[in-house]
Amino acid sequence: MFDRVDIVVKAGDGGDGAITFRREKFAPQGGPDGGRGGPGGDVLLVASGAVSSLRNFRKNRVYRAGDGGDGGRQKRQGRKGTDLVLEVPPGTIAWERGGEEPAVLADLERIGQQAVVARGGRGGWGNMRYASPTNQTPRLAQQGEPGEEKPVTLELRLIADVGIIGFPNVGKSSLLAAASNARPKIADYPFTTLEPVLGVVEVGERTFVMAEIPGLIEGAHAGKGLGFDFLRHALRTKVLIHLLNGTSEAPVEDWRRVNKELSLFDAGLWRKPQIIVVNKVDLPEVRARVAEISRAFQEASRDVRFISAVTGEGVAEVMAEAQRTLDEATAVAEAAAPRAVFRPRPRRAAAPARAEDGAFVLGNPELERVCARVDVADPEVRRQLREQVAKIGLARALEKAGIQAGDKVRCGGYEWEW
Ligand SMILES: Nc1nc2c(ncn2[C@@H]2O[C@H](COP(=O)(O)OP(=O)(O)OP(=O)(O)O)[C@@H](O)[C@H]2O)c(=O)[nH]1
Ligand SMILES: [Mg+2]
C-alpha cells in the first residue's frame, strides 16, 4: 500500500532587484528606477478527488516551483514565479522531517482543502527603494530571497469513523463482514489480514465507515509483527471496537495487553472511546463463561457485550452503540479539532552579536541580501551600506554592543571596517 512517501519541496527563489537609472534626454543620469524582483512561486498541496493514492510521488523526489524574475529598469517588477500545485488524496497529512519533532504542515481532510507547504522567496528591492535625500544615486539593491526548501513526508491516513482492534484471529474480519458491505478474507490463522480493510455500516437511515485494524500484537508499538504502520490508521478513527476472543483464557487480560500497546504507541489512541466486545459466543464453551467474563470486566468498571460474528447474534446492537458513541465523539472532536500547525520562518533580525574573532555580526537577512547583490569592494557602495545600517537602527544597536571605530563588521559573507 502506497500510503507514505518522502519528498523534498522547493519553493521558487525571489528575483533580484535591479540597479538602474532613468535615461533622460538632457540629463546624463536620472534618478534610480531599478524595479523589484518578482516573488518565487509557492508549493501547495491540494486535496483532490481525482487521486486516491500517493503512488505518483514515487516518480520524483524533488518538487520545485518557479523562480521569480529579476526586476528591470523603469521600475519594472520581475514576474512572479509559477506556483507548483501538487494534488493529493483527501486524508493526506504533510510533515516536515528533520526537526526535533515533526511539524504538521498540512492536514487535508476534505476535497478542495489546500495548504502552502513551502513559501516562495520575496523579490529583492531595486535601487529605487534606497533613494533618499542624502543618497540620490543609490547603488544598492537586494538579492532575491531564497524559496523555502523542506524535506516533507506525505502520509495518507485511512478515514474511518470506527476501528475494530484486537489480537489476531479474534474475528475482526468476520465482524466487518457481518456488519458491512466489505468482504475481507477470513481464516483460522493469525495475520490473515495484512492491510486495513474498510466497510460501510448501515444503522437505520445512517451509515458510518468501519475499518479492521490488523496486526495488533504485543510489541507492535515498537514495530513487531506488521509493525506500527497500521496503528497510524487507528489514529483517525473516532471510536474503537475492541474485539476479544471468547475462547481466550482471560479476555480481560487480552484487553489490558492491547490497551498497553495502544498507550505505548500514542496517548490519544488510548483515550479514544472503546466498545468492548467478546466474540464467538455461539461456541458452547464461550456461552458457558458469559457470567464469569462479565464479572471480570465489572471489576475493571467496564461493560462488555457478547456477539457472534458467525451467526450475527448481538452484532446489530453493537453497531447501534457504535453509532451513538460516534455521534458523541464527533461532537467532542469538533470542539477540540487539532488544527494544522504552521510555523512561519522567523523574519525578524537578530541583535548584533560578537563573533569569536571579535567581529560584530549583523544577523540581518534583509541586509545580507543587499551585500550579496552589490559590490562591497566599492567604497561608494560601502558608504551607502553604512547609511543603510544606520537607517534600520542597527548603528545604535552596534554602539550599544560596544563597537569602536576600526572594528570589523560582518554581514553574510561580507566584512568591512566600522
Ligand atoms: N465460532 C466462531 N468462529 C468465529 C467467529 N468469528 C470469527 N470466527 C473464526 O475465527 C477465525 C478468525 O477470524 P477472522 O475474522 O479472520 O479473524 P481476524 O481477527 O480478522 O484475524 P486476523 O485478520 O488474522 O487478525 C476464523 O476461522 C473465523 O471463522 C464467531 O463468532 N464464532
Ligand atoms: Mg482479519
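## Basis of the description

A residue is called buried when its relative accessible area is under 20%. By that criterion Leu-326, with a relative accessible area of 5%, is buried. The structure described here is a predicted model.

## Leu-326 and helix H7

Leu-326 belongs to helix H7, which covers residues 315–335. Setting aside residues up to four places away in sequence, its contacts are with Asp-161, Val-162, Phe-208, Lys-238 and Val-239. Thr-237 lies 89 residues from Leu-326 along the chain, and the C-alpha atoms of the two are separated by 9.4 Å.

## The six-stranded sheet

Six strands form an open sheet with mixed pairing, in the order E10-E11-E9-E12-E13-E14. The edges are taken by strand E10 (197–203) and strand E14 (305–306); each has a single partner strand, so one side of each is left without a neighbour in the sheet.

At one edge, E10 and E11 pair in the antiparallel sense over seven bridges. These two strands form a hairpin with two residues between them, and Gly-204 in the turn has a positive phi of about 60°. Val-203 stands opposite Arg-206 of E11. On its pairing with E9, strand E11 (residues 206–212) runs in the parallel sense, over three bridges. In that pairing, Ile-164 has Glu-212 of E11 as its bridge partner.

Further along the sheet order, strand E12 (residues 239–245) pairs with strand E13 (residues 274–279), in the parallel sense and over six bridges. Here Ile-241 is matched with Ile-275 of E13 as its bridge partner. Helix H3 (residues 251–265) lies across strand E9 (162–165), E12 and E13, and runs at about 140° to E12.

## Asn-279 in strand E13

Asn-279 is part of strand E13. Its relative accessibility is 2%, so Asn-279 counts as buried. Apart from residues up to four places away in sequence, Asn-279 touches Val-170, Gly-171, Leu-243, Leu-244, Asn-245, Gly-246, Val-286, Ile-307, Ser-308 and Ala-309.

## Surroundings of ligand 1

Ligand 1 has 23 residues around it, of which Lys-172, Ser-173, Ser-174, Thr-192 and Asp-282 come nearest. Several polar side-chain atoms can be placed against particular atoms of the ligand. One such atom of Ser-174 lies 2.6 Å from an oxygen atom of ligand 1, and one of Glu-212 lies 2.9 Å from an oxygen atom of ligand 1. For Asp-282, a polar side-chain atom lies 2.7 Å from a nitrogen atom of ligand 1.

Glu-212 also has a polar side-chain contact of 3.1 Å with the side chain of Thr-193. Thr-193 is situated in the loop between helix H1 (172–179) and E10, and it is buried at a relative accessible area of 9%. A second polar contact, of 2.8 Å, joins the side chain of Thr-193 to that of Ser-173. Ser-173 is in turn one of the residues that come nearest to ligand 1.

## Gly-35 and its contacts

Gly-35 occupies a place in the loop between strand E1 (4–10) and strand E2 (43–47). With a relative accessible area of 1%, Gly-35 is buried. Its contacts, leaving aside neighbours within four places in sequence, are Gly-17, Ala-18, Gly-71, Gly-72, Lys-75, Arg-76 and Gly-126. Gly-17 is 18 residues from Gly-35 in sequence, with a C-alpha to C-alpha distance of 6.0 Å.

## Cysteines

A search of the whole structure finds zero disulfides. Cys-371 is in no disulfide, and the nearest cysteine sulfur, that of Cys-411, is 3.7 Å away. Likewise, Cys-411 is in no disulfide, its nearest cysteine sulfur being that of Cys-371. A disulfide requires the two sulfur atoms to be within 2.5 Å, and the separation here is 3.7 Å. Cys-371 is buried, with a relative accessible area of 0%, and Cys-411 likewise counts as buried, at 0% relative accessibility.

Terms used. Residues are numbered from 1 along each chain as its sequence is written. Chains are lettered from A and ligands numbered from 1 in the order in which they are written. This is a predicted model: local features need pLDDT of at least 70, side-chain atom pairs count only at pLDDT 80 or more; totals for chains, interfaces and linings use all residues. Side-chain values use heavy atoms; hydrogens and water are left out. Buried means under 20% relative accessible area, exposed over 50%, partly exposed in between (1.4 Å probe, protein chains only). Two strands pair if DSSP finds at least two bridges between them. Helices (H or I, at least four residues) and strands (E, at least two) are DSSP runs, numbered from the N terminus. Contact means heavy atoms within 4.5 Å. Axes are lines fitted to C-alpha atoms, for helices over the stretch in contact, and angles run from 0 to 180 degrees between N-to-C directions. A residue is near a molecule or strand if one of its heavy atoms lies within 4 Å of it. A polar contact is a pair of N or O atoms within 3.5 Å; within protein, one must be able to donate a hydrogen and the other to accept it, and residues adjacent in sequence count only if both atoms are side-chain atoms.
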